[in-house]
Amino acid sequence: MGYIKSAALEETGYVVLDSYNQELDPKEWLDIEYNDWKSSGDTRFAPLASAFGEIECNGFWNHKPPRTDKDGVWIDSQVAKAPNLTRRAQEPGANVGRCRVIELQPTPYGECLYNLHQDDNNRLNPDGTGWVVRGFFNLTDDTDSYFVLRENRTDPRGEVRIALPAGAQLIIDTQRLWHAATHNGTDPRYCLITSWTSGPELDAYIEKYNGVNTVESVAVDQAVLDAGYAEQARKDAARAAYYAAKGQAAVQAMSEA
């Protein structure tokens, strides 16, 4: 049968919407409660909706009963402090799963490449229902920063780098695309991330805000790119060596038991 997916995301896996006038809204992300949750970098998260309305960031499949990333429960204490962020997450009318603000500390390009990951959005998602994707609304004015998207984690061919000024709005199939952010600022970057279920509501929202599935990549000096590729390879090799040594130590311990 297959999943219900948005045609706008089919070709490239992402769309960029019209920019939002972030200056009109208060900085609600500074008032909500954060959880020290690590994901692809030095991060914290402030959930607005979670599996059971608690201030935690676990995947819905890690709860009892386990389920896919849909039907999130809004957290009253957080919503009261961030009504505008909540309104923006609810505006499409699509089903919302997890909804949270990420706080990301400065992250250079090489570290970003090492952090590239795919999300497990659709674990336990029944066939024939809407495919879960994620919206990213940049809240701070990170003019020197950019989102990195790849089809293959270690292959830079076709890499897309999307600018992240305040008000940048992206929707990404993050289970398909490897992604992470290069944050070249000195202050933390804040971004609202919402899990949405694909379907007619999300399609209409993308059309309303003139979603485009191709943008010009942020220009980056070739020396920075080459250094980033080398740093990713170095860190990958170090990680592989660590786990190889750990495995050998376990085998040695078993042989001596």
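User: Let's start with strand β8 (residues 169-172): which residues cover its two faces?

Analyst: Quick caveat: this is a predicted model, where local features need pLDDT of at least 70, side-chain atom pairs count only at pLDDT 80 or more, and totals for chains, interfaces and linings use all residues. Residues are numbered from 1 along each chain as its sequence is written, and side-chain values use heavy atoms, with hydrogens and water left out. Strands are DSSP E runs of at least two residues and helices are H or I runs of at least four, numbered from the N terminus. Buried means under 20% relative accessible area, exposed over 50%, partly exposed in between (1.4 Å probe, protein chains only). In β8, Gln-169 and Ile-171 sit on one side, Leu-170 and Ile-172 on the other, and all are buried.

User: Which way does β5 run against β8?

Analyst: Two strands pair if DSSP finds at least two bridges between them. Here β5 and β8 are antiparallel, joined by 4 bridges, with Gly-135 opposite Ile-171. β1 is joined to β8 by 3 bridges, also running antiparallel, and there Val-16 stands opposite Leu-170.

User: Next, the core. Which residues have the most contacts inside the largest one?

Analyst: The general idea: in soluble globular proteins, nonpolar side chains tend to be buried together. A nonpolar core is a set of buried Ala, Val, Leu, Ile, Met, Phe, Trp, Tyr and Cys residues joined through side-chain atoms within 4.5 Å. The largest has 27 residues, and Leu-85, Val-101, Ile-171, Leu-192, Trp-196 and Leu-202 have the most contacts inside it. Elements supplying at least two residues each include β2 (43-50), α2 (83-90) and β10 (189-197). Another core, of 18 residues, lies apart from it, with Phe-45 and Ile-102 among them.

User: And aromatic pairs: how many does the structure hold?

Analyst: A pair of aromatic rings is described by the distance of the centres and the angle of the planes. Rings of Phe, Tyr and Trp (its six-membered ring) pair if their centres lie within 6.5 Å; planes under 30 degrees apart are stacked, over 60 edge-to-face, the rest tilted. The structure holds 9 such pairs. Take Tyr-3 and Trp-131: their centres are 4.9 Å apart and their planes at 65°, so that pair is edge-to-face. Tyr-3 precedes β1 (14-16) and Trp-131 is in the loop between α3 (109-115) and β5, so the pair ties together parts 128 residues apart in sequence.

User: Are those two buried or exposed?

Analyst: Trp-131 is buried, at 11% relative accessible area, while Tyr-3 is partly exposed at 30%.
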